[in-house]
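Here's a quick briefing to read alongside the sequence and the model. Have both open and follow along.

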Amino acid sequence: MIISVASGKGGTGKTTVAVNLALFLARNREKNIQFLDCDVEEPNAYIFLKPDIQESQKVSILVPEVDERKCNFCGKCAEVCAYNAIAVLKNKVMIFPELCHGCGGCTLFCPEDAISEKERGIGVLHQGKAESISFIQGKLNIGEPMATPIIREVKKKVNPDGITIIDVPPGTSCPVIEAVNRSDFCLLVTEPTPFGLNDLKLAVEVLKKLKIKFGVIINRAGIGDDKVKEFCEDESIQILAEIPYDRNVAVLYSQGISILIEADYAKIFEKIWDSIKRKIDS
Ligand code: SF4
Ligand code: SF4
């Protein structure tokens with residue numbers, strides 16, 4: 001079972017929810033819990049889970065390299081590339097590796113067999129254990145724009161026999177779609193503010209298109225207004241839980257401590273888990 005935790009906007013408490021759900025499950029008899037940190041530009045779940053990292057591997061993509069002695073400058077490779085990562089001039093082929101998605105299309109279509117491929121490192125994948133949780137984190141190299149291939153690598157580690165919690169990058173772009181894809185359920189974490197509502201609407205559209213079941217968690221409930229609730233009611237979207245705006249949560253967060261040590265919050269996560277199971281079975 002794959003449960004992804006997403007938010008249209010950053011800073012809503014998505015990682016707090018993902019981490020505490022994983023810890024709640026691991027500490028309450030569920031076996032084979034995995035945590036995949038796919039927020040690869042800024043993975044920070046490790047601060048709360050404190051995993052013992054046992055293995056690290058470099059993640060690379062294959063980018064083209066042109067042998068200009070074989071090239072006839074026909075321009076086919078540039079035509080094929082959907083990402084504008086190749087430009088063919090009169091007697092020169094220019095490659096922009098940071099735009100290349102490593103799809104291999106140019107190599108396949110080159111009529112002169114002038115293109116070979118070389119590895120370009122884009123990040124690193126760390127694996128370890130946090131309590132009984134299998135922890136996997138992708139981390140993009142600084143300045144590297146290509147998040148999707150590393151998220152794909154992280155997701156190859158999904159254990160189909162267990163429960164996988166995925167911390168999804170914020171937003172609604174390609175890396176988010178790669179991270180939530182094939183989820184059985186998605187928790188959308190938002191806050192009751194105009195920005196929260198705007199980005200929630202975008203995230204809801206994405207999940208509807210992907211046909212992924214979802215529910216909303218309102219974090220910092222008590223600030224802002226009721227517009228998020230009204231939107232959910234109009235759209236028949238279930239609000240699975242509200243996490244109150246509470247100074248204690250901020251203090252625990254700043255110290256990298258799980259909010260489950262507070263009995264009230266443990267009950268909230270119990271309720272969230274029960275709702276997810278019911279929604280998946282419905
Ligand atoms: S497709 Fe091949 S031969 Fe044509 S310009 Fe590109 S590298 Fe050169
Ligand atoms: S591998 Fe794909 S993305 Fe990269 S340059 Fe070739 S066609 Fe473009």
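**Around the ligands**

Ligand 2 sits among P64, C81, Y83, A85, I86, C100, H101, G102, C103, G104 and C106. Keep in mind that this is a predicted model. Below, the bullets go through both ligands, the domains, the cores and a couple of odd backbone angles.

*Ligand shells*

- By residue type, the shell around ligand 2 comes out as eight nonpolar, three polar and no charged residues.
- Ligand 1 has 13 residues around it. C71, C74, G75, C77 and C110 are the closest of them.
- For ligand 1, the shell splits into nine nonpolar, two polar and two charged residues.

*Domains*

- The protein is divided in two: domain 1 takes in 2-59 + 127-281, and domain 2 covers 68-113.
- If you go from the C-alpha centre of domain 1 to that of domain 2, you cover 39 Å.

*Nonpolar cores*

- As a rule of thumb, nonpolar side chains in soluble globular proteins tend to be buried together.
- Here, the largest nonpolar core counts 41 residues, and C186, L188 and L200 have the most contacts inside it.
- Helix α7 (residues 194-210) gives this core its largest share, five residues.
- Both domains feed into this core: domain 1 (2-59 + 127-281) and domain 2 (68-113) each supply at least three residues.
- Which residues does L200 touch, leaving out those up to four places away in sequence? They are L188, T190, V216, V228, F231 and C232.
- Another core, of 38 residues, lies apart from the largest one, and A18, Y265, F269 and I272 are among its members.

*Unusual backbone angles*

- Most residues other than glycine have a negative phi.
- F73 goes the other way, with a positive phi of about 60° although it is not a glycine.
- You'll find F73 in the loop between β3 (52-66) and α3 (76-80).
- Is F73 buried or partly exposed? Its relative accessibility is 24%, so F73 counts as partly exposed.
- E131 isn't a glycine either, yet its phi is positive, at about 55°.
- The loop that holds E131 runs between β6 (115-130) and β7 (133-140).
- With a relative accessible area of 48%, E131 is partly exposed. The cut-off for exposed is over 50%, so E131 stays in the partly exposed class.

Definitions and conventions
Residues are numbered from 1 along each chain as its sequence is written. Chains are lettered from A and ligands numbered from 1 in the order in which they are written. This is a predicted model: local features need pLDDT of at least 70, side-chain atom pairs count only at pLDDT 80 or more; totals for chains, interfaces and linings use all residues. Side-chain values use heavy atoms; hydrogens and water are left out. A residue is near a molecule or strand if one of its heavy atoms lies within 4 Å of it. Ala, Val, Leu, Ile, Met, Phe, Trp, Tyr, Cys and Pro count as nonpolar, Asp, Glu, Lys and Arg as charged, and the others, Gly among them, as polar. Helices (H or I, at least four residues) and strands (E, at least two) are DSSP runs, numbered from the N terminus. Buried means under 20% relative accessible area, exposed over 50%, partly exposed in between (1.4 Å probe, protein chains only). Domain bounds come from an automatic or database domain assignment. A nonpolar core is a set of buried Ala, Val, Leu, Ile, Met, Phe, Trp, Tyr and Cys residues joined through side-chain atoms within 4.5 Å. Contact means heavy atoms within 4.5 Å.
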